[in-house]
Amino acid sequence: MGIVVENVSKQFGDFQAVDDVSLTIESGSLVALLGSSGSGKSTLLRLVAGLETPDQGRILLTGKDATHQTVQERRIGFVFQHYALFKHMTVRQNIAFGLDIRKEKKEKIRDRVEELLDLIQLSGLGNRYPSQLSGGQRQRVALARALAVEPKVLLLDEPFGALDARVRKDLRAWLRRLHDEVHVTTVFVTHDREEAMEVADEIAIMNKGKVEQVGRPGDIYDHPATPFVMQFIGPVNVLPGTSRIFDGQGNGDHRNEPEVFLRPHDVLVELYPDSATTPARVNRLIHLGWEIQAELALDDGQVVTAHLTRDRFDELDLKPQQRVFVKPRGVNAFPLHYSI
């Protein structure tokens with residue numbers, strides 16, 4: 001087993017950062033801790049790293065209790081958001097730092113550094129200093145430095161948060177390829193759902209210090225366990241159960257449910273009515289390139305967002321203020337005791 005977190009809690013003053021969390025991360029997997037600011041994801045990562053001590057519970061690494069081990073004893077690689085490279089050292093020296101501290105043989109250090117430079121695709125830049133690199137290149141060097149000591153576990157805290165959108169996307173794909181090569185058990189913290197969905201084998205969604213759901217990206221998206229997960233993992237329409245869009249549907253009676261959740265891609269738009277549709281008017285059309293977002297006003301005043309493929313949009317030839325007819329394809333409702 002890679003990482004096992006058992007009933008771990010951590011409090012800072014009156015703030016409960018992590019609240020009785022249990023989580024199992026398989027050896028060799030790539031797992032995202034996903035949540036908003038203050039959800040406890042970074043604190044949980046620091047607890048696994050040994051940078052914080054839990055108030056209760058225990059942490060096991062590769063089957064051994066590591067709760068009271070030092071950072072060094074845990075053999076963990078940690079990469080921060082802002083690289084933390086040594087400015088006065090070259091790329092080679094930065095990557096070799098951990099090996100130098102361990103007083104490894106010079107030949108071993110040289111071979112390991114060259115191997116990692118090749119792995120991070122910076123073979124010709126070993127003699128440069130961090131100030132001579134782009135943000136994306138510096139982050140790759142930080143990852144190589146963490147991997148140099150052959151850690152049992154690699155932890156990444158918002159590793160791409162300081163980079164612009166294009167570089168983040170490129171590095172996400174690179175991290176996935178890197179993981180498939182080295183197979184180090186990896187946990188990364190992010191608030192970006194797209195990043196988590198694209199990179200991770202599994203996602204643990206955190207909220208208010210607790211883990212709301214753990215699962216593969218597709219399973220969490222298609223089968224959210226709570227209203228929070230439903231709204232955090234993707235765009236959603238939140239409608240009262242009495243909304244007219246549910247009239248005549250084979251989706252069950254939602255009139256006794258305070259809220260019903262409907263993904264924009266599950267709002268079907270038609271030009272002509274049938275027994276299952278509800279009339280609406282096109283308020284606004286937003287072109288997002290690969291899809292069109294249509295803001296639709298129902299006759300009862302509810303506003304619904306629909307996502308249409310480019311082909312479907314062209315077929316309907318929608319215009320602002322046009323009269324259309326809508327119906328839901330898939331609906332989610334949750335027991336009353338759940339709250340956001």
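The legends below go with a set of close-up views of this predicted model.

**View 1. The largest pocket and the residues around its centre.**
Welcome to the first stop: the largest pocket holds about 640 Å³ of space. It is lined by 21 residues, and V71, I76, G77, F78 and V149 are the closest to its centre. Four elements give two or more residues to this lining: α2 (71-74), β6 (76-79), α3 (91-101) and α5 (135-148). Which element gives the largest share of the lining? That is β6, with four residues. By residue type, the lining of the largest pocket divides into 15 nonpolar, three polar and three charged residues.

**View 2. The second largest pocket and its lining.**
Here the space comes to about 160 Å³. To find this second largest pocket in the structure, look for R193, Y221, P235, H265, W290, E291 and H307, which line it. Its lining is made up of three nonpolar, two polar and two charged residues.

**View 3. Strand β7 between its two neighbours.**
Strand β7 covers residues 153-157, and five of its five residues are buried. In a regular strand the side chains alternate between the two faces of the sheet. Both faces of β7 are covered, with V153, L155 and D157 buried on one side and L154 and L156 buried on the other. What are the partners of this strand? β7 pairs in the parallel sense with β6 over four bridges, and in the parallel sense with strand β8 (residues 185-190) over five bridges. L154 is a handy residue to follow here: it is the bridge partner of G77 in one pairing and of T186 in β8 in the other. G77 also links this view back to the first one, as one of the residues closest to the centre of the largest pocket.

**View 4. Helix α1, largely enclosed by the rest of the structure.**
Helix α1 runs over residues 41-49, and seven of these nine residues are buried, so the helix is largely enclosed by the rest of the structure. The buried residues of α1 are K41, T43, L44, L45, L47, V48 and A49. Just after the helix comes G50, which takes a positive phi of about 95°.

**View 5. N94 and its contacts.**
Is N94 buried or exposed? This residue, found in helix α3, counts as buried because its relative accessibility is 0%. Leaving aside residues up to four places away in sequence, N94 touches L85, F86, M89, P130, V141 and R145. N94 and Y129 are 35 residues apart along the chain, and their C-alpha atoms are separated by 9.1 Å.

**View 6. A salt bridge between strands β10 and β2.**
Side chains of opposite charge can pair when their charged atoms come close. In this view K210 forms a salt bridge with D19, and the closest N and O atoms are 3.3 Å apart. The pair links distant parts of the chain: K210 belongs to strand β10 (residues 210-215) and D19 to strand β2 (residues 15-25), 191 residues apart. K210 is partly exposed, at 39% relative accessibility, and D19 is partly exposed too, at 25%.

**View 7. A salt bridge within helix α6.**
The side chains of D170 and R166 meet in a salt bridge, with 3.7 Å from N to O. Both residues lie in helix α6 (residues 165-182), four residues apart, which is about one turn of the helix. An α-helix has 3.6 residues a turn, so residues three or four places apart point the same way. D170 is partly exposed, with a relative accessible area of 43%, whereas R166 counts as exposed at 63%.

**View 8. A salt bridge between a loop and the segment after β17.**
D266 and R329 meet through their side chains in a salt bridge of 3.1 Å, N to O. D266 lies in the loop between β12 (260-262) and β13 (267-270), and R329 in the segment after β17 (323-328), so the pair ties together parts that are 63 residues apart in sequence. D266 counts as buried at 13% relative accessibility, while R329 is partly exposed at 48%.

**View 9. A network of salt bridges.**
Which residues are linked in a network of salt bridges? They are K169, R172, D192, E194, E195 and E198. For the model as a whole, the count comes to 24 salt bridges.

Note on methods
Residues numbered from 1 in each chain as written. Predicted model: local features only at pLDDT ≥ 70, side-chain atom pairs only at ≥ 80, totals over all residues. Heavy atoms only, no water. 1 Å grid on protein atoms, 1.4 Å probe; cavity = no way out; pocket = protein on both sides within 12 Å on 5 of 7 lines; lining within 4 Å. Points joined across faces, edges and corners; volume = space filled by probe spheres on them. Nonpolar A, V, L, I, M, F, W, Y, C, P; charged D, E, K, R; others polar. Salt bridge = Lys/Arg side-chain N within 4 Å of Asp/Glu carboxyl O. Buried < 20%, exposed > 50% of the residue type's maximum accessible area, 1.4 Å probe, protein only. Pairing = 2+ DSSP bridges. Contact = heavy atoms within 4.5 Å.
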